[in-house]
Amino acid sequence: MSNNSSIQSDSQRLAGRRIVITGAASGIGRVTARLFMEEGAKVILLDRNADALQTAFEGLDTVVAGVDITRDNEVVKVIAQAAETVGGIDGVINAAGIMFTGPTADLSPQSWRQVIDVNLSGTFFVIQACLPWLKSNDFSTVVNVASGAGLLPNAPGLAAYAASKGGVIALTKALAADLAPNIRVNCVCPGMVDTPMADGFRANVGNYALKRIADPAEIARAMLFLTSSESSYVTGATLAVDGGRTFH
Ligand code: NAI
């Protein structure tokens, strides 16, 4: 399949594509995995919560692996095993992440490191581990989940989280330059999304042009676009999927 010319009109936009999805046990990653399966992808699902992952995809034709993405050596092993099982890797969705808020004065070094480790370093380790297979295809894709907090970190208590997500945006652009032309690398920046991560947070939807938070499927559909050949000329992009929170 050529990256530039193939636009499929049926609903199998990922037919035959083998896609690694992290954070697939919950929220955005889980919904994305379901959508991508409907679109014909073979999904390789990673999450540190192995039990939840198993339960969520019981009986479905997936490859699942419990792994903490901050453990670079384990990530390399798990990805290699999965690639061998399905015969390659064509794309990556980096949806695993953790949220942290709190006053900067109380932010412990451990908490700082944990947020940067998971959201930024883990994202990089997964992409790097997939590279041997991504590079061997005519075209491959990577989509990272950053955040509106990385684009417009204007709320208190977000130092570590915003720094990690700003890092994901910069990483996306650096890798888009580094891995072109056969690997496209983009990121999405959701605003508040209705997932377990958002439990306990109250979005001020008055700041959102659309006056509501997102359903995870709305983030998944943006990632479907960036993973499919419909986005064949898009790389290094930062796509805000935030109901208009950050455009002004
Ligand atoms: P979630 O908490 O529902 O799901 C996150 C998943 O990542 C969980 O299954 C968790 O076990 C997994 N995970 C966490 N650390 C991991 C690690 N070290 N190794 C492997 N798996 C790990 O959260 P949600 O909302 O689905 O978040 C997905 C992504 O979207 C995250 O990167 C988050 O920062 C981002 N995001 C979420 C927003 C929201 O309002 N929910 C807003 C903007 C961005």
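**View 1. The ligand in its pocket.** In this predicted model, the ligand occupies the largest pocket. Two elements each give two or more residues to the shell around the ligand: helix α1, residues 27–38, and helix α6, residues 159–179. The shell holds 27 residues, and those that come nearest are Ser-26, Asp-47, Tyr-161, Val-193 and Thr-195.

**View 2. Polar contacts of the ligand.** The side chain of Asp-47 places an N or O atom 2.6 Å from an oxygen atom of the ligand. Asp-47 is also among the residues that come nearest to the ligand. Arg-48 takes part through its backbone, where an N or O atom is 3.1 Å from a ligand nitrogen. Ala-95 likewise uses a polar backbone atom, which is 3.5 Å from an oxygen atom of the ligand. The ligand taken alone would expose 820 Å², of which the protein buries 93%.

**View 3. Strands β6 and β7.** Strand β6 covers residues 183–190 and strand β7 covers residues 238–241; the two run parallel and are joined by 4 bridges. One bridge pairs Pro-190 with Val-241 of β7. Between the two strands the chain passes through helix α7, residues 216–227, and the resulting β-α-β crossover is left-handed.

**View 4. The cis peptide bond before Pro-181.** Most peptide bonds are trans. The bond from Ala-180 to Pro-181, however, is cis, and its omega is near 5°. Pro-181 belongs to the loop that links α6 to β6. Of the elements that this loop links, α6 gives two or more residues to the shell around the ligand, while β6 is bridged to β7.

**View 5. Backbone of Lys-211.** Most residues other than glycine have a negative phi. Lys-211 is not a glycine, yet its phi is positive, at about 60°. Lys-211 lies in the loop between β6 and α7. On the path from β6 to β7 the chain passes through α7, in the left-handed crossover shown in View 3.

Terms used
Residues are numbered from 1 along each chain as its sequence is written. This is a predicted model: local features need pLDDT of at least 70, side-chain atom pairs count only at pLDDT 80 or more; totals for chains, interfaces and linings use all residues. Side-chain values use heavy atoms; hydrogens and water are left out. Two strands pair if DSSP finds at least two bridges between them. A crossover is right-handed if, with the strands pointing away from the viewer, the path from the first strand over the helix to the second runs clockwise. A residue is near a molecule or strand if one of its heavy atoms lies within 4 Å of it. A polar contact is a pair of N or O atoms within 3.5 Å; within protein, one must be able to donate a hydrogen and the other to accept it, and residues adjacent in sequence count only if both atoms are side-chain atoms. Accessible areas come from the Shrake-Rupley method with a 1.4 Å probe; for residues, only the protein chains shown count as cover. On a 1 Å grid over the protein atoms alone, a cavity is a set of points where a 1.4 Å probe fits but cannot get out, and a pocket is an open set with protein on both sides within 12 Å along at least five of seven lines; lining residues have an atom within 4 Å of a point. A molecule sits in a cavity or pocket if more than half of its atoms lie within 2 Å of its grid points.
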